[in-house]
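Reader: I am new to reading protein models, and I would like to go through this one slowly. Could you take my questions in turn and show how each answer is reached?

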Amino acid sequence: MRQTITCIACPLGCRVEVEEKSQGEKKYLISGHKCIRGEKYAIEEITNPTRVLTYTVKIRNANLSRLPIKTDGVIAKGLLFSCIEEIDKIELQAPIRIGDVIIENVLNTGVDIVASRSMNAIKI
Ligand code: SF4
């Protein structure tokens with residue numbers, strides 16, 4: 001089976017061809033990449049795709065109603081929607097500082113959800 005993957009490890013965005021081999025030392029035949037990172041990325045993408053999740057969470061007592069957040073590492077692509085469901089269950093209270101941990105070890109991934117920006121409390 002042959003798949004084409006766009007490498008996102010740098011802005012060049014090489015189109016990397018991955019062909020699964022039925023025999024031989026190497027399991028995959030990789031072509032189209034301009035550096036070794038493309039090979040690594042392509043194999044990870046077809047065997048265990050991961051992503052950094054960026055999203056927003058509800059926040060009270062702030063100038064905006066939602067606070068930008070992200071994972072502090074990559075998580076399995078298949079867990080992204082479950083992760084969003086966990087985030088949607090919570091509502092924060094301002095003030096929040098950039099880097100504050102919003103959810104620790106989300107879904108037992110070893111990855112934390114952290115604030116991507118600070119948000120002050122509104123003065124009433
Ligand atoms: S293969 Fe190398 S040069 Fe090409 S996009 Fe990936 S990291 Fe960049």
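Reader: Which strand runs parallel to β5, and how many bridges join the two?

Author: In this predicted model, isoleucine 59 stands opposite leucine 92, a residue of β8, and this gives a place to begin looking. The partner that runs parallel to β5 covers residues 91-93. The strand asked for is therefore β8, since two strands pair if there are at least two bridges between them, and the number joining β5 to β8 is three.

Reader: Which strand runs antiparallel to β5, and what is the phi of asparagine 61 in the turn?

Author: Strand β5, residues 54-60, is joined by five bridges to strand β6, residues 66-71, and these two run antiparallel. Within this pair, lysine 58 stands opposite arginine 66 of β6. The two strands form a hairpin that has five residues between them, and asparagine 61, which lies in the turn, has a positive phi of about 65°.

Reader: Which residues have the most contacts inside the largest nonpolar core?

Author: In soluble globular proteins, nonpolar side chains tend to be buried together. Here the largest nonpolar core has 13 residues, and the elements that give two or more residues to this core are β5, β6 and β10. Apart from it lies another core, of six residues, including Ile5, Val18, Tyr41 and Ala42. In the largest core, the residues with the most contacts are Ile59, Leu67, Ile69 and Ile96.

Reader: Which residues does isoleucine 96 touch, if those up to four places away in sequence are not counted?

Author: Isoleucine 96 is one of the residues with the most contacts inside the largest nonpolar core. When residues up to four places away in sequence are left out, the ones that isoleucine 96 touches are Ile59, Leu67, Ala115, Ser118 and Met119.

Reader: Where is proline 95 found, and what is the omega of the cis peptide bond that joins it to alanine 94?

Author: Proline 95 belongs to the loop between β8 and β9. The peptide bond that joins alanine 94 and proline 95 is cis, and its omega is about 10°.

Reader: Why does leucine 107 count as partly exposed, and is asparagine 108 buried or exposed?

Author: Both residues are found in the loop between β9 and β10, as is given for leucine 107 and for asparagine 108. Each has a positive phi although neither is glycine, near 50° for leucine 107 and near 55° for asparagine 108. Leucine 107 counts as partly exposed because it has 14 C-beta neighbours inside 10 Å, whereas a residue is exposed if 12 or fewer lie within that distance. Asparagine 108 has 7 other C-beta atoms within 10 Å, so asparagine 108 is exposed.

Reader: How many Å separate the C-alpha atoms of aspartate 112 and aspartate 72?

Author: Aspartate 112 has its place in the loop between β9 and β10, and the residues it touches include Asp72, Val101 and Ile103. Along the chain, aspartate 112 and aspartate 72 are 40 residues apart, yet the separation of their C-alpha atoms is 5.7 Å.

Reader: How many residues of the shell around the ligand are charged?

Author: Among the residues around the ligand are Cys7, Cys10, Cys14, His33, Lys34, Cys35 and Arg37. The shell divides into six nonpolar and three polar residues, and the number of charged ones is two.

Definitions and conventions: Residues numbered from 1 in each chain as written. Predicted model: local features only at pLDDT ≥ 70, side-chain atom pairs only at ≥ 80, totals over all residues. Helix = DSSP H or I, 4+ residues; strand = E, 2+ residues; numbered from the N terminus. Near = placed C-beta within 6 Å. Nonpolar A, V, L, I, M, F, W, Y, C, P; charged D, E, K, R; others polar. Contact = placed C-beta atoms within 7 Å. Core = buried A, V, L, I, M, F, W, Y, C linked by C-beta atoms within 7 Å. Buried ≥ 20, exposed ≤ 12 C-beta atoms within 10 Å, placed from the backbone.
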